[in-house]
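Got the model open in your viewer? Here's a tour that tells you what to select at each stop.

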Amino acid sequence: MDRIDLFEAIHTARAMRRLKPDPVPEALLTQVLDAAIRAGSAGNAQNWHFVVVRDPDLRRQLGDIYAKASKIAEAMYAARGRPPHLTEAQFGQLMTSGAHLWAHMGDAPVIVLPCLRRPIVPTPDSLPPAMRGLYQAELAYAERIRGASIYPAVQNLILACRALGLGTTITTNHLRCEDEVRALLKLPDDVDSFAMMPIGWPVDPFGPISRRPLAEVVHADQWERGWPA
Ligand SMILES: Cc1cc2nc3c(=O)[nH]c(=O)nc-3n(C[C@H](O)[C@H](O)[C@H](O)COP(=O)(O)O)c2cc1C
């Protein structure tokens, strides 16, 4: 397979929700997972685990949980309405494509669940007395940054899939029914899943990816000053 430029991968790795049922060679999955674990994590803790689900019955059950959780998401999206930066056509495309995955998650040949083991937080009395007053704030800080130790790996996984011609997308709807996923996959109590990623050969072409322009979202030095783009 021809190698693609990194920027081309970034600009074309759109959310691929229509996937063929054809199997994905294990060597490619290993390559993708090996790219995922090159990401950084807080304190280089590498508390990540990736559950790669290929068993058809487990995939079907994961698909059922995803579909159930997505009904809640559907109601939330409907109540929230179209974000102003998306055209009617773009919003319609998102809802149609999203609804396809609600019904077909279990048909993807591979479903990867990136997970994190909860970090070990020192007890308050193991800290110097002057630091103990900061303990609750430290717990809040750890919770705030928790996802930042797995989502860079998720993005590596997305880009590695793109480089190999595989389609995927990050999804999180299943977290609304997290306990069912935990029981099905026998996750230990101190391990949480952070995404459910269908992986397979795409039905539709990749990219291009459209986003709000830099001028709307980049600030030069301070908030009031726009970026000259
Ligand atoms: C935190 C997060 C959660 C997401 N959850 C879902 C999800 O549950 N289901 C889904 O179909 N897509 C999900 N997505 C994918 C987004 O819908 C997608 O990234 C966005 O629409 C941009 O798509 P594009 O790259 O094709 O333009 C999620 C994306 C992120 C970053």
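Start with contacts across the whole chain: of those between residues at least 6 apart in sequence, 83% join residues at least 24 apart. Keep in mind that you're looking at a predicted model. Color it by secondary structure and you'll find eight helices and five strands. If you trace the chain along the sequence, the pattern reads α-α-β-α-α-β-α-α-β-α-β-β-α. The C-alpha trace spans about 60 × 50 × 40 Å along its principal axes. There are 229 residues, and 23% of them count as buried.

**Stop 1: around the ligand**

Which residues are around the ligand? Select Arg 14, Ala 15, Arg 17, Leu 94, Gly 98 and Leu 101, then add Thr 169, Ile 170, Thr 171, Thr 172, Asn 173 and Ile 209. Color that shell by class and you get five nonpolar, five polar and two charged residues.

**Stop 2: helices in pairs**

Next come some helix pairs. Two packed helices are described by the angle between their axes and the distance between the axes.

Select helix H2 (residues 26-36) together with helix H6 (residues 151-163): their axes come within 7 Å and cross at roughly 145°. The crossing of H2 past H6 is right-handed. To light up the contact, pick Gln 31, Val 32, Ala 35 and Ala 36 on the H2 side, and Ala 153, Asn 156, Leu 157, Ala 160 and Cys 161 on the H6 side. By class, this contact has seven nonpolar residues, two polar and no charged.

Now move to helix H3 (residues 56-80) and helix H7 (residues 178-185). Their axes are 10 Å apart, and the angle between the two is about 170°. That is over 145 degrees, so H3 runs roughly antiparallel to H7. Show the side chains of Leu 58, Gln 61, Leu 62 and Ile 65 in H3, which meet Glu 180, Val 181 and Leu 184 in H7. Here the contact residues divide into five nonpolar, one polar and one charged.

Keep H3 selected and add helix H4 (residues 88-104). What angle do the axes of H3 and H4 make? They cross at roughly 155° and come within 8 Å. H3 and H4 are therefore roughly antiparallel to each other. From H3, the contact uses Tyr 66, Ala 67, Ser 70 and Tyr 77; from H4, Met 95, Trp 102 and Ala 103. Six of these residues are nonpolar and one is polar, with no charged ones.

**Stop 3: backbone oddities**

Time to zoom in on the backbone. Most residues other than glycine have a negative phi, and most peptide bonds are trans.

Select Gly 207 and Pro 208: the peptide bond from Gly 207 to Pro 208 is cis, with omega near -5°. Pro 208 sits in the loop between strand E5 (197-200) and helix H8 (214-217).

Then jump to Asn 44, in the loop between H2 and strand E1 (48-53). Asn 44 isn't a glycine, yet its phi is positive, at about 50°. Is Asn 44 buried or exposed? Asn 44 is exposed, since just 7 other C-beta atoms lie within 10 Å, and the cut-off for exposed is 12 or fewer.

Finish at Asp 221, in the segment after H8. Asp 221 is another non-glycine with a positive phi, about 70°. With 7 C-beta neighbours inside 10 Å, Asp 221 counts as exposed too.

How values were computed:
Residues numbered from 1 in each chain as written. Predicted model: local features only at pLDDT ≥ 70, side-chain atom pairs only at ≥ 80, totals over all residues. Helix = DSSP H or I, 4+ residues; strand = E, 2+ residues; numbered from the N terminus. Buried ≥ 20, exposed ≤ 12 C-beta atoms within 10 Å, placed from the backbone. Contact = placed C-beta atoms within 7 Å. Near = placed C-beta within 6 Å. Nonpolar A, V, L, I, M, F, W, Y, C, P; charged D, E, K, R; others polar. Axes fitted to C-alpha atoms, helices over the stretch in contact; angles between N-to-C directions. Left-handed = near helix turned anticlockwise from the far one by under 90°. Parallel < 35°, antiparallel > 145°, perpendicular 65-115°, else oblique.
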